[in-house]
Amino acid sequence: MSLEVDVAATFSATGAEPFEIEVSLSVGTGETLVVLGPSGSGKTLLLETVAGYHGHEGVVRADGEDVTDRPPEDRDFGFVFQNYALFPHMTVRENVAFGTRYHPEGRDPEALLSELGITDLAERTPRTLSGGEAQRVALARSLAIRPSTLLLDEPLSALDVPTRETLRTDLAETIADVTALYVTHNRTTALELADRIAVMRDGQVVQTGSPDDVFEHPATPFVAGFTGSNCVPAVEWADAVADGTVAEGERLAIRPEHVVLGESGATATVERATRGDVGHRVRLGREGTAVEAYTTDPPAVGDETTVRFPTDRVTRLQREADRD
Amino acid sequence: MSSVRQGVAIGTAGKASVVLAVVTAQAIAFGACYLAGVPTLYLGVAILTGAFLGWRSDLGWFGLGIAAFGVVLLLALGMPLVLFVLRLEPDLVAEAALSPDVHRMLYLTIYGPLLAALVALLFGVPLAFLLARGFAGQAIVESLVDLPLVVPHSVAGILILFGFGRRGLFPELSILTTTVGLVLALTFVSSPYAVNAAREGFEAIDDRLEYAARSHGASPFESFRRVQVPLAARGILTGGLLAWARSVSEFGAVAVVAYSVRFFYPVAWQESVSQLAPVFIYNTYTSQGLAEAGAVSAILLLLSGAVFLAIRSIAYDDARVGP
């Protein structure tokens with residue numbers, strides 16, 4: 001099943017400026033498209049609009065069929081919520097079986113409980129579950145209706161780090177063959193789960209591409225910053241680029257892991273060095289700007305070192321490309 | 001607010017034994033004042049005790065002040081009840097408890113308000129659901145729902161006569177002195193309680209639970225039936241109890257519309273005539289006197305106490321389970 005979304009909607013709330021989203025995207029059969037964006041970028045509103053909870057202009061197509069005018073119950077999308085949204089007055093088994101009454105073609109709830117390793121929770125109520133357990137139940141409930149597309153709204157973000165990592169791995173397996181639209185602000189989650197990524201900002205998609213495309217070749221300074229790349233004014237760091245030719249107003253985006261230290265290039269001062277999981281992360285300052293880099297052999301804070309941006313790793317961006 | 005503060009003050013001041021000691025001391029002080037024929041003296045003792053406990057709390061002199069003021073209201077609420085119980089004449093209470101007239105009145109006082117509460121819920125729960133979701137023009141509807149709370153209840157009775165009386169919406173409907181009239185009057189005055197409590201029940205439900213129900217295939221009605229109503233059940237039940245309790249105590253509207261009520265009395269298996277408790281007690285007071293009215297009141301008080309405890313137990317369940 002595929003999903004095509006081309007929607008525009010305006011949301012208003014008391015005391016807040018109206019918020020508009022205008023998004024076009026498509027998800028191929030069996031593909032996981034991750035919508036990556038900061039809080040307030042409209043990711044959840046987009047997902048809820050696709051699910052049919054909010055009125056909108058434009059069109060939503062499931063497998064080529066226009067479902068725009070259908071209510072949520074007739075769209076055949078599963079929805080997994082950040083806060084689980086399990087029915088508190090029902091047991092885990094009843095939660096998982098909830099939608100099968102309306103979807104005779106759905107999956108056997110018992111088999112799903114077993115598949116997700118939660119059979120022993122079947123008689124428990126949601127209040128007694130941990131976050132990780134609750135999210136497995138929520139996932140099972142959505143998969144039980146055999147949805148054409150699974151919509152997932154930051155399902156891992158309320159979990160503690162070890163639980164999140166375990167569930168992320170399980171989730172990757174579970175939704176591998178499911179058409180899924182997954183929104184998150186977490187780039188690790190995006191990298192691990194996405195077949196493709198759409199970066200969203202202020203209600204609009206600013207870049208869509210494979211995880212490599214988006215992370216290695218950001219289209220705007222915003223995407224660069226949000227995906228963890230350095231993004232610095234080219235004029236100040238011209239010496240770090242092999243040919244040294246840069247244009248006025250240009251910015252250079254490069255991931256910290258690709259920055260080369262101590263060989264040649266621009267001279268910078270080590271401002272900070274912190275130990276990470278693998279090696280050290282250092283901050284190198286030059287003319288009031290700074291880049292981050294990884295190294296296994298960090299120079300001392302206050303020392304000078306050289307910084308080089310390998311040509312094939314650097315993306316040249318125009319400041320104007322960013323709407324700010 | 002003051003009760004919360006006091007709760008904090010007493011909680012920090014000490015343990016159950018301290019509470020027991022204070023209550024015992026109060027009982028002894030009151031007993032001594034009452035037997036000495038100067039119950040007024042006890043008011044001073046109680047206010048001083050409250051002030052002392054407030055002062056000893058973590059609020060200091062401020063605690064002394066607010067506890068002293070709070071105790072005055074507690075006394076105004078509690079002392080009439082205590083003196084009422086002490087001055088009851090058991091013979092009269094027993095006589096009232098055995099009187100067929102009182103039995104008929106009690107039956108009507110349970111049955112009429114029960115019907116009113118059910119009617120208020122039947123039509124009030126859908127309205128509460130809509131109000132919880134919000135809609136254009138909601139403020140007008142809210143004002144109408146809350147109107148009975150601010151209208152003097154004798155006026156409510158007059159409104160009902162205008163609306164549903166001989167030249168009203170249903171000219172063939174006989175409402176004066178009938179069960180229908182009684183239920184109409186009681187529903188009019190009690191429905192805001194049913195609607196507002198049920199509405200709070202619906203408002204406490206996370207929108208995403210409805211989203212989840214709908215996305216997994218439930219129609220709006222199925223979502224209402226399987227998710228929203230069960231989750232709002234406590235609010236709906238509280239609303240029903242409040243509407244019932246409010247109806248039991250109604251006087252003004254009932255006195256206008258259905259002062260005496262003809263109704264089918266299953267114990268005698270025939271039509272009978274009685275009055276709702278507040279009217280019945282007022283009648284007893286004016287025709288027989290305070291002691292006789294007190295005896296009937298005691299029986300009604302027991303009934304109201306049972307309802308009060310039922311409501312409190314539901315409220316406590318809410319607090320324990322959490323949102």
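Let's start inside chain A: the C-alpha centres of its domain 1 and domain 2 sit 36 Å apart. Keep in mind that what you're looking at is a predicted model. Along the chain, domain 1 of chain A covers 3-225, and domain 2 of chain A covers 229-321.

So where do these two domains meet? The contact between them draws 9 residues from domain 1 of chain A and 9 residues from domain 2 of chain A, with two residues counted as touching if their C-beta atoms, placed from the backbone, lie within 7 Å. If you want to find the domain 1 side on screen, look for helix H7 (211-216) and helix H8 (221-226) of chain A, the elements that each give two or more residues to it. Of these, H8(A) gives the most, with 3 residues. As for chemistry, that side of domain 1 of chain A is made of 5 nonpolar, 3 polar and 1 charged residues.

Now step out to the contact between the chains. Here chain A puts in 19 residues and chain B puts in 14 residues. Which elements of chain B give two or more residues to the side that touches chain A? They are helix H10 (207-215) and helix H11 (220-248) of chain B. H10(B) has the largest share of that side, at 6 residues. Sorted by class, the side of chain B that touches chain A holds 7 nonpolar, 4 polar and 3 charged residues.

Technical notes: Residues are numbered from 1 along each chain as its sequence is written. Chains are lettered from A and ligands numbered from 1 in the order in which they are written. This is a predicted model: local features need pLDDT of at least 70, side-chain atom pairs count only at pLDDT 80 or more; totals for chains, interfaces and linings use all residues. Helices (H or I, at least four residues) and strands (E, at least two) are DSSP runs, numbered from the N terminus. Ala, Val, Leu, Ile, Met, Phe, Trp, Tyr, Cys and Pro count as nonpolar, Asp, Glu, Lys and Arg as charged, and the others, Gly among them, as polar. Domain bounds come from an automatic or database domain assignment.
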